[in-house]
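Dear colleague,

I am handing over the structure that we spoke about, and below it you will find an account of what was found in it. Please keep the structure open beside the text as you read.

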Amino acid sequence: MDGDVSAVLPADEGTVLAGGNMNTVVRQGDSVLRVAGRWTPTVHRYLDYLARAGVHGIPRPLGIEGDRERLSFVDADVPVYPLPDHVFTDDALVEGARLLRRLHDASIGFGLDGAVWQAPAKVPSEVICHNDFSPHNLAYDAAGHIVGAIDFDFASPGPRLWDLAYYATRAVPLTDRTPPNAPDMADAERRVRLLLDAYGSEATWADVLRVAIIRLHDLAEMSRDKAVELGNPRLADDADGYEREAAYLATLRD
Ligand SMILES: Nc1ncnc2c1ncn2[C@@H]1O[C@H](COP(=O)(O)OP(=O)(O)O)[C@@H](O)[C@H]1O
Ligand SMILES: [Mg+2]
């Protein structure tokens with residue numbers, strides 16, 4: 001999710017980090033505090049599982065303190081909107097796809113007994129999806145290389161294509177309102193193929209379009225619910241944007 005924060009945590013106990021929309025994140029030295037949810041114990045177990053499987057550049061869970069979780073600080077740049085140029089290079093697109101593949105592969109074997117997720121599970125539950133895998137949740141080094149990912153709050157079991165299609169909508173990007181520093185839709189199909197190749201997926205451009213449309217409608221519904229829950233009207237605006245993008249992609253599909 002992108003956008004602004006509404007204060008949930010007192011800012012005087014650390015530095016409030018920009019970029020969050022669902023959460024207010026406070027940095028305290030090498031760690032961050034985020035608001036915890038029912039799903040947090042499962043997400044922590046999942047982050048430990050990924051680390052054990054050899055994934056680097058992701059937050060390590062450091063505990064739950066009352067209604068907050070403590071995670072290690074990922075020491076790299078997480079971009080905010082408007083996204084910087086380096087996010088839209090072919091190299092960055094490929095690096096993100098490879099990281100997504102590593103995350104998905106590393107999730108294989110994660111035990112689902114007793115798991116509580118914020119986002120519903122989807123069929124086929126091939127892997128644990130990140131469910132918000134986008135430049136705004138990726139960590140970049142000073143040279144613009146992707147070194148990690150954050151914000152696993154929406155993770156849940158699902159198909160690989162669920163994350164791939166959403167990543168394509170944000171990073172290719174697939175939208176009728178391309179940011180001025182991003183490749184436009186004339187280059188979209190080539191970039192989607194590049195992404196799928198880098199991931200090692202056999203999905204097609206048509207598969208990505210089909211799932212992206214569903215994914216954007218799903219996101220719009222979730223953003224509308226969250227707008228009410230968090231009293232944040234910007235999330236309702238986001239929902240309108242997702243629906244407009246879905247309608248545009250449907251014109252390409254049809
Ligand atoms: N573990 C972390 N390491 C480094 N920065 C973080 C971490 N968690 C959050 N942040 C920072 O806080 C911002 C918002 O956090 P995020 O977890 O993405 O919240 P939201 O769910 O609101 O999107 C991010 O853009 C990033 O700058
Ligand atoms: Mg985020």
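Backbone details in the loops

Asn 131 sits in the loop that runs between strand S6 and strand S7 (138–140), and its phi is near 70°, which is a positive value in a residue other than glycine. Please bear in mind throughout that this is a predicted model. Two prolines also deserve a look, since the peptide bond from Tyr 81 to Pro 82 is cis, with omega near -5°, and a cis peptide bond likewise joins Val 123 and Pro 124, where omega is about -15°. Pro 82 belongs to the loop between strand S5 (68–72) and helix H2 (90–107), while Pro 124 is found in the loop between H2 and strand S6 (127–129). As background for these details, most residues other than glycine have a negative phi, and most peptide bonds are trans.

How far can the model be read? The mean pLDDT of the chain is 94, and 95% of its residues reach 70 or more. Over residues 1–8, however, pLDDT stays under 50, and for this stretch the model has 21 contacts beyond four places in sequence. Where pLDDT is low, the predicted coordinates should not be read in detail.

Turning to the overall layout, the chain is divided into domain 1 (11–72) and domain 2 (85–253), and the C-alpha centres of domain 1 and domain 2 lie 21 Å apart. To the contact between them, domain 1 gives 19 residues and domain 2 gives 21 residues. On the side of domain 1 that touches domain 2, there are 11 nonpolar, seven polar and one charged residues.

Where does ligand 1 lie with respect to the two domains? It lies between them, because domain 1 and domain 2 both give residues to the shell around ligand 1. There are 19 residues around ligand 1, and Leu 17, Gly 19, Gly 20, Asn 23 and Asp 151 come nearest. Sorted by class, this shell has 11 nonpolar, five polar and three charged residues.

Finally, there is a pair of helices to examine: the axes of helix H3 (residues 160–171) and helix H5 (residues 205–230) come within 8 Å and cross at roughly 85°, and H3 and H5 are therefore roughly perpendicular to each other. Residues of H3, including Leu 161, Trp 162 and Tyr 166, meet residues of H5, among them Val 208, Val 211 and Arg 215. The residues of this contact of H3 with H5 divide into 10 nonpolar, one polar and two charged.

With best wishes

Terms used. Residues are numbered from 1 along each chain as its sequence is written. Chains are lettered from A and ligands numbered from 1 in the order in which they are written. This is a predicted model: local features need pLDDT of at least 70, side-chain atom pairs count only at pLDDT 80 or more; totals for chains, interfaces and linings use all residues. A residue is near a molecule or strand if its C-beta atom, placed from the backbone, lies within 6 Å of it. Ala, Val, Leu, Ile, Met, Phe, Trp, Tyr, Cys and Pro count as nonpolar, Asp, Glu, Lys and Arg as charged, and the others, Gly among them, as polar. Domain bounds come from an automatic or database domain assignment. Two residues are in contact if their C-beta atoms, placed from the backbone, lie within 7 Å. Axes are lines fitted to C-alpha atoms, for helices over the stretch in contact, and angles run from 0 to 180 degrees between N-to-C directions. Helices (H or I, at least four residues) and strands (E, at least two) are DSSP runs, numbered from the N terminus. Angles under 35 degrees count as roughly parallel, over 145 as roughly antiparallel, 65 to 115 as roughly perpendicular and the rest as oblique. pLDDT is the predictor's confidence in each residue, from 0 to 100.
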